[in-house]
Amino acid sequence: MFRREKPRRVVWLVDDRQQNRKTFEQNHGIEFEIELFSEPDQVLSALREGRRPDALVCDVYFYRDEREREEIERIVDKHAKQLLQDVQSFNPAAAEEGIALMQSVSDHFHGRPPFPVFAYTSKGPYLLQTESFDKIEGLDAKWLFKNKYSAQAERRRIRMEIESFAEERDWRRRAWRIAWQAGLIAAVIGAILGVIFDRFARPLGW
């Protein structure tokens, strides 16, 4: 028999830069059904029509003037490269002790720490190389950028992750407890039936 293929997940990207949209689709179109939007209002309109994605990826900055948008991209790219070049003499990779700690914590709990782990950094977006980003993602750490949130927003993010983690953990515990109880009950019933069968079987010479 032919096995029915699972439908591909639908991912919406909203980004005002055409090159970003093109690159995203090239990178992820092989796995996801990509739908591209250039303006936030287009996404809202699609939602009002009753359409829903499986995931929404949002750009943050939208500029109406294309020349201004491209100039900002050029400036950010230039300074990011310059910053990375300037700090190389300090060997930032050798100072990534936090990643080593997160790895050690994960190893200690056999890959499933009983609490959420945050990658808390201000320099990370500028200094981390691709492999370092991949390590953190592989450890399922949550990103929390320093000096980017108000104290209240930062507390809320941490609190929500803790609550979400606790809910998931409690659900797993309940599922395990139910499965264990069901197995115990089945074992008791099996034992009782075995005794009854044995009593009836003996007089019959079975």
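Which residues gather in a patch of negative charge on the surface? Hold that thought for a second, everyone, and thanks for coming. The structure you have in front of you is a predicted model, so please listen with that in mind.

Here is the reply: the patch of negative charge on the surface brings together Glu131, Asp134, Glu137 and Asp140. One of these, Asp134, sits in helix α6, which covers residues 130-138.

Let me step back to the overall layout. The protein chain has seven helices and five strands. Reading from the N terminus, the order of elements is β-α-β-α-β-α-α-β-α-α-β-α. The chain has 206 residues, and 17% of them count as buried. About 16,800 Å² of the protein chain is exposed, with carbon and sulfur atoms supplying 55% of that area. For those of you who like contact maps: among contacts with a separation of 6 or more, 56% are between residues 24 or more positions apart.

Now to the charges that do find a partner. In general, side chains of opposite charge can pair when their charged atoms come close. How many salt bridges does the structure hold? The count is 11, and I'd like to walk you through some of them.

Start with Arg9 and Asp54, whose side chains meet in a salt bridge at 3.5 Å, N to O. This pair links distant parts of the chain, since Arg9 lies in the segment before β1 (10-14) and Asp54 in the loop between α2 (40-48) and β3 (55-58), 45 residues apart. Arg9 counts as exposed because its relative accessibility is 53%. Asp54, at 46% relative accessibility, counts as partly exposed.

Next, please find Arg51 and Glu49. Their side chains also form a salt bridge, this one at 3.8 Å from N to O. Arg51 is partly exposed, with a relative accessible area of 32%, whereas Glu49 is exposed, at 57%.

My third pair is on helix α7. Glu161 makes a salt bridge with Arg157, and the closest N and O atoms are 3.7 Å apart. Why are these two separated by about one helical turn? Because Glu161 and Arg157 are four residues apart in helix α7, which spans residues 151-201. Is Glu161 buried or exposed? Glu161 is buried, with a relative accessible area of 18%. Its partner Arg157 is partly exposed, at 25%. And before we leave the salt bridges, there is a network as well: Glu35, Glu49 and Arg51 are joined into one by salt bridges that share partners.

Two more stops, and then coffee. The first is Gly29, in the loop between α1 (18-28) and β2 (33-37). With 22% relative accessibility, Gly29 counts as partly exposed. Setting aside neighbours within four places in sequence, Gly29 is in contact with Arg8, Phe24 and Ile34. If you want a distance to check on your own screen, the C-alpha atoms of Gly29 and Val11 are separated by 9.3 Å, and these residues are 18 apart along the chain.

The other stop is Thr121, in strand β4, residues 118-121. Thr121 is buried, because its relative accessible area is 15% and the cut-off for buried is under 20%. Which residues does Thr121 touch, not counting those up to four places away in sequence? They are Trp143, Leu144, Phe145 and Lys146.

That's my tour, and I'm happy to take questions.

Terms used:
Residues are numbered from 1 along each chain as its sequence is written. This is a predicted model: local features need pLDDT of at least 70, side-chain atom pairs count only at pLDDT 80 or more; totals for chains, interfaces and linings use all residues. Side-chain values use heavy atoms; hydrogens and water are left out. Patches are made of residues with over 30% relative accessible area and no salt bridge: like charges are joined within 9 Å, nonpolar side chains (Val, Leu, Ile, Met, Phe, Trp, Tyr) within 5 Å. Accessible areas come from the Shrake-Rupley method with a 1.4 Å probe; for residues, only the protein chains shown count as cover. A salt bridge is a side-chain nitrogen of Lys or Arg within 4 Å of a carboxyl oxygen of Asp or Glu. Lys and Arg count as positive and Asp and Glu as negative; His and the chain ends are not counted. The place of a charge is taken as NZ of Lys, CZ of Arg, CG of Asp or CD of Glu. Buried means under 20% relative accessible area, exposed over 50%, partly exposed in between (1.4 Å probe, protein chains only). Contact means heavy atoms within 4.5 Å.
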